[in-house]
Every structure is written in structure tokens, then in C-alpha cells.
Amino acid sequence: MIYTITFNPSLDYIMHVDHFEYGETNRSKNEEMFPGGKGFNVSTILHRLGYDNTALGFKAGFSGDEIVRMLEKRGFILDLVSLDEGFSRINVKMKSSKETEVNGNGPDIPKDKLNKLMDKIDQISDGDTLIMAGSIPSTLPNDIYEQIMIRLQNKDVRIIVDATNELLLKVLPYKPFLIKPNRRELEEIFSVSITNQDDLIKYASMLQDKGAINVLVSLGGDGAMLIDEYKHVYHAPAANGKLINSVGSGDSMVAGFLAGYLKNHDYQEAIRLGSACGGATAFSFDLAEKSLIDEVYESINVSLIQ
């Protein structure tokens, strides 16, 4: 079984405003609402690619109930811990000539509820896959990803971590199967400016030296680069299409990479399908549908750099 974890889910309320004026009353021309959370995004794309999976995490209050209602339509299994107080955060995203976001903080997660989630994690078995993606609420310890990997280190579990800075660095000694920094995050981790491909390979390899088995670097308009466990370096160009929405593109890439790898353990196929999923979501108003993923997949040619 494949599991994802979303520690701090949200309702994303999107408002489209023609000409936003700061300090004035503005009226939107239309609104949209989506369930937010990196783990949920990964679960959605995996399900659309034909892979059963279970989404773990927390929900609270009326907004948590709405998140569950919307996610149940997507088809994957939800196994969320219900919190007794507070409500799942609501993120307001205002799109005009510029995009402005106000993201909620999220509910407090008491120790007994965290323990309930850990009980579910303890049921993960040899041969399963766990994907931990995104930030964590301020009420949880900042080493929570590390704690989870320690709990699972004596099991044969494939773990993927899509996180930044300290959250990411703390898990590297436990040898995650895949990490997915982007170019900017690599620069922040090593306090450098990356200006060429050799630098990308150098600093991505340093994360591998610290323990990551595979390092997938998303490069935006320059595509993606993978250093696999055998030290092979692959590059997938960015897909051709009109950028509509970048939200969830990285999560879609993670889902596609895993799905591609699970076909026959071929890393070239993994980065190709990952890039197709990321591009297809970027060309969609919401997360990509299977038909568009298939179309974008046919346009991507992966090259072996070394």
C-alpha cells in the first residue's frame, strides 16, 4: 500500500479580482474552492494513475468536514484523525495582476491525537511506501518527519520526503528513497548561487552523500534533473504548454515519479512520468486528469547526462 501524510490540510478559497486596490473594497468576479494539502495532491494523482493509496493526516471542525467531503469524490482512501477543537485552516488566494495569499495557521494538535496518527503509521508494513510532503503546524515538533522515519527504520518501507531546509536535512541520515528539492531550495541549503548544470549536479550529489537514495530536482521552466541511486544523471525538459496554475505541480511530479518507478523500477521512466504529471497539472485549473497526463507524456524525451 502507498500512504501519504498531510499534517496541515486546508480549504483553498480562490478569488479572482480584475483590479485589486489595497485599502479599498474589492469585489471578485468569481470564486473557487479546493481541498489543499501536498499529501492529498499526491494521493489524487496516484489514484488517477491507477494506484490505490491511503491518505493520513488530521481534520478539524466544519472546514475539516468539507475537506473530507470534497476529497471523498477523488476515490482514494481517507484515514484522518479528527481533532476535537479548532478547524482546519482556510487559505485565501487572491488572483489579480499579482497573486496574493493569506494562509491560515491551522488547529492545535494535542499529544493524544498525534499518538493516534503514530498508531496508524505503526501499521505500515514491509514493502509499503510512505510519502511525507509539505510543512508542519507550529504545534508539532520540528523533527516530526525524523521521528516517523526512526519508527519505521527497521521495516522495509520506501519513504519519499518532499520538504525544505531543516525538515529535509534531518531525515537524510535515515536514507529516504527520494527527496525533491527545487533549485532555489538547493541554493538555500548550501548558501550558494547555482548558475549551471555542473553546480546542480554537484549540490544535488551532496544531498545524496548525506543519505538520500535518489535526488529529483525540479527546475521550473528548465524541466527536472534526477540523480539516481546508481549515480546516473537524467534530465527531462519542461513540457510544452500554457501555464495556468503552478499549485500542485511539484506534488504531481512526486506522484508521477513513484508511479513510473513502480512499473518496472526504471528511473528513466520515473522522471519521464513525473515530469508529465507535473507539466499536466501546470496546464490545468486543478490537478491534472489522466488524459492530459498521457498527452504530455508523449511529448517528453528524457536524456541521460552521465
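**View 1. Helix 8 and helix 9 are roughly antiparallel to each other in this predicted model**. The two helices, residues 249-264 and residues 267-282, pack at an angle of about 150°, and their axes lie 6 Å apart. Because angles over 145 degrees count as roughly antiparallel, the pair of helix 8 and helix 9 is described in this way. The crossing of helix 8 and helix 9 is right-handed.

**View 2. Residues of helix 8 meet residues of helix 9**. Helix 8 contributes residues including Ser-249, Met-253, Gly-256, Phe-257 and Tyr-261. From helix 9, the residues in contact include Tyr-267, Ile-271, Leu-273, Gly-274, Cys-277 and Gly-278. By class, ten nonpolar, nine polar and two charged residues make up the contact of helix 8 with helix 9.

**View 3. Ten strands form an open sheet with mixed pairing**. The strand order is 5-4-1-8-9-10-11-12-13-14. Strand 5 (77-83) and strand 14 (303-304) are the edge strands, each pairing on one side only. Within the sheet, strand 1 (residues 2-6) pairs with strand 8 (residues 129-133) in the parallel sense, over four bridges. Tyr-3 has Leu-130 in strand 8 as its bridge partner.

**View 4. Helix 7 and helix 8 are shown against strands**. Helix 7 (residues 197-209) lies across strand 10 (178-179), strand 11 (214-218), strand 12 (224-227) and strand 13 (233-236). Helix 7 runs at about 45° to strand 12. Helix 8 packs on the sheet and touches strand 1, strand 8, strand 9 (158-162), strand 10, strand 11 and strand 12. The direction of helix 8 makes about 160° with that of strand 9.

Notes
Residues numbered from 1 in each chain as written. Predicted model: local features only at pLDDT ≥ 70, side-chain atom pairs only at ≥ 80, totals over all residues. Heavy atoms only, no water. Axes fitted to C-alpha atoms, helices over the stretch in contact; angles between N-to-C directions. Parallel < 35°, antiparallel > 145°, perpendicular 65-115°, else oblique. Left-handed = near helix turned anticlockwise from the far one by under 90°. Contact = heavy atoms within 4.5 Å. Nonpolar A, V, L, I, M, F, W, Y, C, P; charged D, E, K, R; others polar. Pairing = 2+ DSSP bridges.
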